[in-house]
Every structure is written in structure tokens, then in C-alpha cells.
Amino acid sequence: MTDQTNDRSLEKYRRMLRIRHFEDKAEAIHAQGEIPGALHTYAGQEASGVGACMALGESDYMVGTHRSHGHPIAKGAKLRPLMAELLGKATGICKGKGGSMHLSDFSVGSLGETSIVGSGVPVATGAALGSKLKGDGRVALCFFGDGATGEGAFHEGLNLAAVWKLPAVFVCENNGYAVSTPARTHVPVKTLADRAKGYDMPAIIVDGQDVDAVEAAIAQAVERARTGGGPTFVETKTYRYADHAVNMGRILLDRGEEVGEWRKRDPITLYRARLLEQGVSAETLDAIEREAADEVEDALRFARESPLPEQAEAFDDVFTAAVPIPDYLADA
Amino acid sequence: MAKVTYLEAIRQAQMEEMQRDDRVFIMGEDIVCNVFGTTTGFVEAFGLERVRDTPISENGIVGAGAGAAMVGMRPIVDVTLSSFLYPAMDQIVSIVAKSRYIYGGQAKLPLVIRSCLFYGNANAAQHSDRPYSMFMNMPGLKIVAPATAYDMKGLMKAAIRDDNPVMMFEDGTCWSSKDEVPDDPDFIIPLGRGDIKREGTDVTVVAVAGGVPVALKAAKQLAKEGISLEVIDPRCLMPLDRELILRSVRKTGRAITVDPAHQTCSAGSEIAATIAEHAFDALRGPVLRVCTADTHIPFSPTIEKALFPTVDRIAAAARRLVGIEQPAAA
């Protein structure tokens, strides 16, 4: 392994661990009531997000979903503003106005993590159109789940991207469930990649637990997009360990042995084994894990010490200019 | 200054802004064939990259407009008839209106969504909508509904230069109306400023879009009876020029709103509520609404026309308000 591939491999390992520790911590403090609202965790799907984002350049765009924590971390976002957002703090990446479903860091190329299923697909298509018009060579990647492929927005976005041969990559993170509904009850085609056939769009199916395989598949799609070959559909077969949202008071769906079976192919465990096999030392990998855990602790400390937003901030960013604040809230 | 139609004003505004700024482009259904004449000469001037025909895919193209805007373009999306905004509700409401807010100001969406209010022409309920009031209930959207060619040109140019999403509602009943329109490429009417279309002393009539020419006709007719109407056109419904409206009502003490939208929760209703809330002490009678009746728009012209605001209904409302003041003398 050359130093360069070594660095790249360790970076993938680092980002997956950041996500896992971030999610474990978020779930724990959500259970204690420290995070308000619903919490949708990405644990189990790390290889999908990290593999995909590692195949993108820093200036490439990314659009994601309500399961929003993993994508920005995969694309290289700093953890502090993300954790602060979960706690509803003014220092949050969205200033406390987005929360768990919208951890979107535009500084790393994100164009939103949107919580209406499928609604990000036309946005990514539009970003790709912008790239094409500007000729700046940027690619727009869109994450969505298996459930999104039943939405009109998904089909309209794919159709536009295909008709216009846009530099877009559509990544279907197939975790097997649309909330609690298994894919077999809501998808008529054999594989989700078959959805792409109607748009004459090349499709790749990849093991979403294998970060290297995901990266290679997306790299191929990115290359096609960047060289004028148009969009590609990539299905990453993956799994989320938690229920649709965590700590909801009851489990929506008892998946029985299935979770345990998938944990045997945990993306981080698999990758650690591969790196050890490739000659990376256990000490190196342990140190990366400690750093990731420390970064999450640091982010939580930052979030806890951060101020809450002022009432008047509920009126910021409706437009680029200020909007009137009602009298009864003006002094709140 | 040259005298041009309302549709030509749209064409000129778009043409000038596309010449001025490379980031502006237009996409929509049948843009190239140019159904209504608002993109005449555009393909020749700007090519097919910046003048794009789209699939019939309103949700997709509005969302694509949002995405392109987020990466620094300034798209004009033409969905043609306003009735076709409904398939795009998902993107307009959840993406266009909310993205700047939910991401804490990280997103900027300089996007214009054009559509026509295509009523009064025997096209039945699914093609005759006037839906701007629905969007007034959604923060994050600027809403413009001009009634004259002059206003259209200045407001369309302002909308294209605005850094926020703007919905332009183009009233089909005003399409062929003509007006002197400035040639100055920097002629702009700032969004959010209303206009006094006719000064008067007895009754304030706040009229929206195609309601404006109808209100002006009513004013002309009532002047002969010695009743003086002041006709105010807010031009923008969001932001709304409340000061101009309230100042006029404080002067006349009487108010009518005229709105081609269905009455319940219409722009006219919101304006009436604003007047009642903030100028109640100045009112000498109720605020009356002359809107479109709360039923669907039927196909048959004989029963369609009377549903929209008419000169007679505005005149009757004005007489009622003036009469209320002097019941004994009457």
C-alpha cells in the first residue's frame, strides 16, 4: 500500500468512525432528553455515505435526506456545528432552525438534507444543470433511500437529468425499509437499479457495507458525469441498525434476527479487518478511533456550552433581508 | 418610452436581464416555440442552453430551478398556467420557500417562477386558477401580481435581480393592455411598493391584478355619480405595502378590496383584515370584499363571467358604503 492510498484508506476509516461515534452519542443523549424532536440515525450505513463522498471532489455538490447526520460528516464537515444543531443551539450549522433532519453544511458542498422523501432529487438535478451551464466541471450527487423511488420528484429528477445528460450521480441507499414498510411491498422491480432503465441511465449495484467498493462504483459514475457522459444510478445495498427514528416510545418494526445478521457485516468492522490485512497496525487504527471519539466529545462539549437562539432569530433567513417581528415577540 | 403590451413587457424584461447577466436563463414547457410571445427571439439571442424546453414536469423543473439557483445561477422557470403550479407544490413549499430558513441562511435562491392567471376564457376549473393567495400563506415566497405593462416590466426586472424566490403571476385578462414603458435597461420597480392608480376621496378600493382595470372602470363610472374612488394597486402581495393601503383608508374612511381569487382566504380577505385591524378607528363602515365567488369556475361562458369581480359589484359596494354614512338623508 502506497502512502497516498494509505492516507485515503485511513481517512475513510476515520470518517466512518466519526459517524458511528456521533450517532452513538446522539442516541444516548436523545434518550436522556437532551436532543429535542425526532432523531434519525445513520449507524450501519457509514460505508455508503463515506464511500460515495470520498469519490467526490471537495467542490462537488451533495444533496441528502432526513437521515442527515452521516452525509455531511462523510463529506468532511466539522462536528461541532452539527452536534450544536442537534441540541438546537445558535451555533448549530443551521442556527438551530433545522435540527436532526437537516444537518447540511454548505461549506463542504452540501445543498441541503431534505426531509420530504424524494424532494432532493430535482434539487441535485438543478445543481448539475447549473454546473453544465457554467461549465465548471462540478458534479452533483444525490442520496436518497429505497422509499424515495416511489415519489414523483424522484422520477422527474431522473428524467430531466437523463434528457439533458447532466453531471449527476443518483445514489439510492437501499436499507430495505421505507420507514417500516419493507422494499418488497413497495417496489415492483427486482432491484432498485432497475428504476434507471426507464431513463436509459446506466446503473451499478454495489455492496453498501464495503466502503472501497462503494467508492469505486461512485468514482466510475463521477468520471462519467464529469466527462459529459451524463448521470448514473448507483444502488448501495446497506442497512440501518436503528428503527426509522430512535427512542420513539415503541419499536415501529421488530426486525428480529435480521439486525444481528447485518451487524456481522458491519462496515467499520469489515474495513478494520481489511486494513489490518493490508498491514496497517492495530495501534494506528485504535488511535484513529480514539481521535474520532474525542472529536465527538469535543463537539458535544461545544454544543452544551453554546447559547440557545434568541426568539427574534426565528425571523432570520426567511428572506435575505429582515422580516417584521410581531410586537408580542419583539421583546421576548 | 414606447407603448407596449403587458406580454411584450414580460418579453422585454426577460430579454434585458438575460443580456445583462449571464447567470439568468429560462426554462419551461414550450419556451422555444414561444406559445404566448414572451420569449420571441430568445433562442436566436441566447441559444438553446439558456432557453430550455423542458418535459411536462412542473415539480422537476421548479426543483431544478431551485438547485441551479443554489449554485449561483438565476433561473426563470415558466410553468405557463398557474394551474400547473399544483404539481410543483412539493418543491415550491418544501424546497423553494424553506431552504434558506431551514439551513440557517446558508442557501440563497434567486429564482423566478412565472405563471399566468388564465381565467375568464371558457377553460373550465382546472385551467382558470388564481392561486396567489395560497402562496401568501407560506413564508419565504415573494408574490407579485402586476396589472399594467409598466408595472410588469419594472417588477419582472426587480424579481429577476432579487436574491429570493419570487412568484410572478401574470394576469391573462391584462395581456393585451398597453402602456408607456421605459426603455432604460435599469428601470426597476422595487418589490413591495404599491401604487395609487387613481386618486380619490370617498372610498379606497384596493384591487389585485386583473381587478385593477375593473376597479378603474368602476371609479370612472361612479365619478359621474359624484362618488370619488381611490384605487390602490399593491402590485406585490408579499411583501405587501400596508402603509400605502392604510394611509389611503385613513383618508377616505371606507374600504373595498377587489380580488379575482376565490373570496375565502383570498388576498382581498387578508387586506380587508389588515385594514380592520389597523385602521378600525378610521372606518365609517364595514370593509367590503368584491372577490370571485366560492365555487369552481364553470366552462360555459354564460355562467362563468359573473363569478369574477365586475364593475357593477364594485359600484354597488361603493354606493352601499357611501350610503351607510347618510342613512337619514337618503
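Here a trainee and a mentor talk through some backbone and burial labels in this predicted model.

Trainee: Why is Val179(A) called exposed?

Mentor: Count its neighbours: Val179(A) has 12 other C-beta atoms within 10 Å. The cut-off for exposed is 12 or fewer, so Val179(A) gets that label.

Trainee: And what makes Ala209(B) buried?

Mentor: Ala209(B) has 28 C-beta neighbours inside 10 Å. Buried takes 20 or more, so Ala209(B) qualifies.

Trainee: What makes the phi values of these two worth a look?

Mentor: Most residues other than glycine have a negative phi. Val179(A) isn't a glycine, yet its phi is positive, about 60°. Ala209(B) isn't one either, and its phi is near 50°.

Trainee: Where do they sit?

Mentor: Val179(A) is in the loop between β5 (177–178) and β6 (181–182) of chain A. Ala209(B) is in the loop between β10 (203–207) and α8 (211–223) of chain B.

Trainee: How do you know that the bond between Met238(B) and Pro239(B) is cis?

Mentor: Look at omega, which is about -5° there. Most peptide bonds are trans. Pro239(B) itself lies in the loop between β12 (236–238) and α9 (242–252) of chain B.

Trainee: Why is the span of α5(A) called close to the expected one?

Mentor: Helix α5 of chain A, residues 120–134, has 15 residues. You take 1.5 Å times one less than the number of residues, and the expected span is 21 Å. From first C-alpha to last, α5(A) reaches 21 Å, so the two agree.

Trainee: What makes α5(A) mostly covered?

Mentor: 13 of its 15 residues are buried. Just after α5(A) comes Gly135(A), with a positive phi of about 65°.

Conventions: Residues are numbered from 1 along each chain as its sequence is written. Chains are lettered from A and ligands numbered from 1 in the order in which they are written. This is a predicted model: local features need pLDDT of at least 70, side-chain atom pairs count only at pLDDT 80 or more; totals for chains, interfaces and linings use all residues. Helices (H or I, at least four residues) and strands (E, at least two) are DSSP runs, numbered from the N terminus.
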